[in-house]
Amino acid sequence: MRFENTGIEDTIIDVQVLDHVTANLAFIRAGQWDYERVTYDYKIGSNEKNITYYIRVQGYAIDGDVDKRNAVIKLLTPLLGKHYYPHGVEYGEEENFPESVVERANTLLAKLSEELQYYKK
(Lines give C-alpha, C1' and ligand atoms only; values in the text may rest on other atoms or scores of the structure.)
Protein backbone atom coordinates (compact mmCIF):
# COMPACT_ATOMS: atom_id res chain seq x y z
CA MET A 1 0.00 0.00 0.00
CA ARG A 2 1.35 3.40 -0.97
CA PHE A 3 0.89 6.51 1.17
CA GLU A 4 0.62 9.37 -1.32
CA ASN A 5 0.91 13.08 -0.48
CA THR A 6 2.49 12.60 2.94
CA GLY A 7 5.03 15.35 2.46
CA ILE A 8 7.77 12.73 2.68
CA GLU A 9 8.10 11.85 -0.99
CA ASP A 10 10.56 14.04 -2.88
CA THR A 11 12.09 15.35 0.37
CA ILE A 12 15.81 15.98 -0.07
CA ILE A 13 17.90 15.53 3.09
CA ASP A 14 21.41 14.59 4.27
CA VAL A 15 21.71 10.89 5.10
CA GLN A 16 23.15 11.53 8.57
CA VAL A 17 20.21 13.75 9.49
CA LEU A 18 17.78 11.23 7.98
CA ASP A 19 19.36 8.43 10.03
CA HIS A 20 18.90 10.51 13.18
CA VAL A 21 15.30 11.56 12.50
CA THR A 22 14.14 8.08 11.52
CA ALA A 23 15.91 6.45 14.48
CA ASN A 24 14.10 8.81 16.86
CA LEU A 25 10.82 7.42 15.50
CA ALA A 26 12.01 3.78 15.76
CA PHE A 27 12.62 3.23 12.05
CA ILE A 28 15.51 0.84 11.44
CA ARG A 29 17.92 1.10 8.50
CA ALA A 30 20.26 -1.69 9.66
CA GLY A 31 21.81 -3.40 6.63
CA GLN A 32 19.18 -2.17 4.21
CA TRP A 33 21.30 0.12 2.11
CA ASP A 34 23.85 0.15 -0.62
CA TYR A 35 25.99 2.96 -2.00
CA GLU A 36 23.04 4.67 -3.69
CA ARG A 37 19.90 3.62 -1.78
CA VAL A 38 18.52 3.50 1.75
CA THR A 39 15.52 1.74 3.25
CA TYR A 40 14.04 2.42 6.69
CA ASP A 41 11.52 0.03 8.19
CA TYR A 42 9.16 0.37 11.13
CA LYS A 43 7.91 -2.97 12.39
CA ILE A 44 4.32 -3.40 13.57
CA GLY A 45 3.56 -6.68 15.30
CA SER A 46 0.31 -8.52 14.71
CA ASN A 47 -1.89 -11.03 16.49
CA GLU A 48 -2.28 -12.82 13.15
CA LYS A 49 -0.22 -15.98 12.93
CA ASN A 50 3.07 -15.46 11.04
CA ILE A 51 2.12 -11.92 9.95
CA THR A 52 4.11 -8.74 10.61
CA TYR A 53 3.51 -5.32 9.07
CA TYR A 54 6.22 -2.89 7.99
CA ILE A 55 6.09 0.79 7.19
CA ARG A 56 8.85 1.34 4.65
CA VAL A 57 10.51 4.61 3.68
CA GLN A 58 12.99 4.40 0.81
CA GLY A 59 15.28 6.88 -0.83
CA TYR A 60 18.19 7.20 -3.20
CA ALA A 61 21.33 9.31 -3.26
CA ILE A 62 21.22 12.28 -5.60
CA ASP A 63 24.71 13.28 -4.46
CA GLY A 64 27.46 11.65 -2.43
CA ASP A 65 27.77 8.11 -1.14
CA VAL A 66 25.65 6.38 1.51
CA ASP A 67 28.62 4.27 2.61
CA LYS A 68 30.73 7.37 3.26
CA ARG A 69 27.75 8.97 5.06
CA ASN A 70 27.98 12.08 2.88
CA ALA A 71 24.97 11.32 0.68
CA VAL A 72 22.10 13.65 -0.03
CA ILE A 73 18.97 11.50 -0.20
CA LYS A 74 15.74 12.01 -2.13
CA LEU A 75 12.88 10.13 -0.48
CA LEU A 76 10.24 8.08 -2.28
CA THR A 77 6.57 7.44 -1.51
CA PRO A 78 6.23 5.49 1.79
CA LEU A 79 4.80 1.96 1.70
CA LEU A 80 2.96 -0.38 4.02
CA GLY A 81 3.81 -4.03 3.61
CA LYS A 82 2.63 -7.30 5.03
CA HIS A 83 5.28 -9.91 5.81
CA TYR A 84 4.20 -13.50 5.36
CA TYR A 85 6.60 -15.82 7.14
CA PRO A 86 8.67 -17.33 5.55
CA HIS A 87 7.81 -15.93 2.10
CA GLY A 88 8.57 -12.22 2.43
CA VAL A 89 6.92 -8.81 2.32
CA GLU A 90 4.06 -7.94 -0.04
CA TYR A 91 3.23 -4.31 -0.82
CA GLY A 92 0.48 -4.89 -3.38
CA GLU A 93 -2.71 -2.88 -3.44
CA GLU A 94 -4.66 -6.14 -3.25
CA GLU A 95 -3.36 -6.74 0.29
CA ASN A 96 -5.80 -6.32 3.15
CA PHE A 97 -4.52 -4.13 5.98
CA PRO A 98 -6.33 -3.73 9.29
CA GLU A 99 -7.68 -0.22 9.82
CA SER A 100 -5.70 0.07 13.07
CA VAL A 101 -2.44 -0.63 11.23
CA VAL A 102 -3.25 1.92 8.49
CA GLU A 103 -4.13 4.54 11.14
CA ARG A 104 -0.90 3.85 13.01
CA ALA A 105 1.07 4.15 9.77
CA ASN A 106 -0.63 7.46 8.91
CA THR A 107 0.12 8.84 12.38
CA LEU A 108 3.76 7.79 12.26
CA LEU A 109 4.27 9.08 8.72
CA ALA A 110 2.72 12.43 9.71
CA LYS A 111 5.22 12.67 12.60
CA LEU A 112 8.08 11.79 10.26
CA SER A 113 6.94 14.34 7.70
CA GLU A 114 6.72 17.02 10.39
CA GLU A 115 10.24 16.25 11.63
CA LEU A 116 11.68 16.24 8.12
CA GLN A 117 10.34 19.76 7.48
CA TYR A 118 13.01 21.16 9.82
CA TYR A 119 15.85 19.65 7.80
CA LYS A 120 14.75 19.77 4.15
CA LYS A 121 17.31 21.07 1.68
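**Note on the predicted model: helix α1, strand β3 and a surface patch**

1. Start with helix α1, which spans residues 15–24. Its buried residues are V15, L18, D19, V21 and T22. Keep in mind that this is a predicted model.

2. What do the buried residues of α1 pack against? Their partners are strands and a helix: β1 (12–14), β2 (37–44), β4 (72–75) and α2 (99–117).

3. Look next at the residue A26. A26 comes just after α1. There the backbone takes a positive phi of about 70°.

4. Move on to strand β3. R56 is found in this strand. Is R56 buried or exposed? R56 has a relative accessible area of 16%. Buried means under 20%, so R56 counts as buried.

5. The side chain of R56 has a polar partner. It makes a polar contact with the side chain of D41, at 2.7 Å. D41 also appears among the residues that R56 touches. Leaving aside residues up to four places away in sequence, R56 touches Q32, T39, Y40, D41, P78, L79 and Y91.

6. Y60 lies in β3 too, a strand that covers residues 51–63. Y60 has a relative accessible area of 32%. That value falls between the cut-offs of 20% and 50%, so Y60 is partly exposed.

7. Which residues join Y60 in a nonpolar patch on the surface? They are I62 and L76. Together, Y60, I62 and L76 have about 240 Å² of accessible area.

8. To recap β3: R56 is buried, whereas Y60 is partly exposed and belongs to the nonpolar surface patch.

How values were computed. Residues numbered from 1 in each chain as written. Predicted model: local features only at pLDDT ≥ 70, side-chain atom pairs only at ≥ 80, totals over all residues. Heavy atoms only, no water. Patch = residues over 30% accessible without salt bridge, like charges linked within 9 Å, V, L, I, M, F, W, Y side chains within 5 Å. Areas by Shrake-Rupley, 256 points an atom, 1.4 Å probe, with all protein chains shown as cover. Salt bridge = Lys/Arg side-chain N within 4 Å of Asp/Glu carboxyl O. Helix = DSSP H or I, 4+ residues; strand = E, 2+ residues; numbered from the N terminus. Buried < 20%, exposed > 50% of the residue type's maximum accessible area, 1.4 Å probe, protein only. Polar contact = N/O pair within 3.5 Å; in protein donor to acceptor, adjacent residues only side chain to side chain. Contact = heavy atoms within 4.5 Å.
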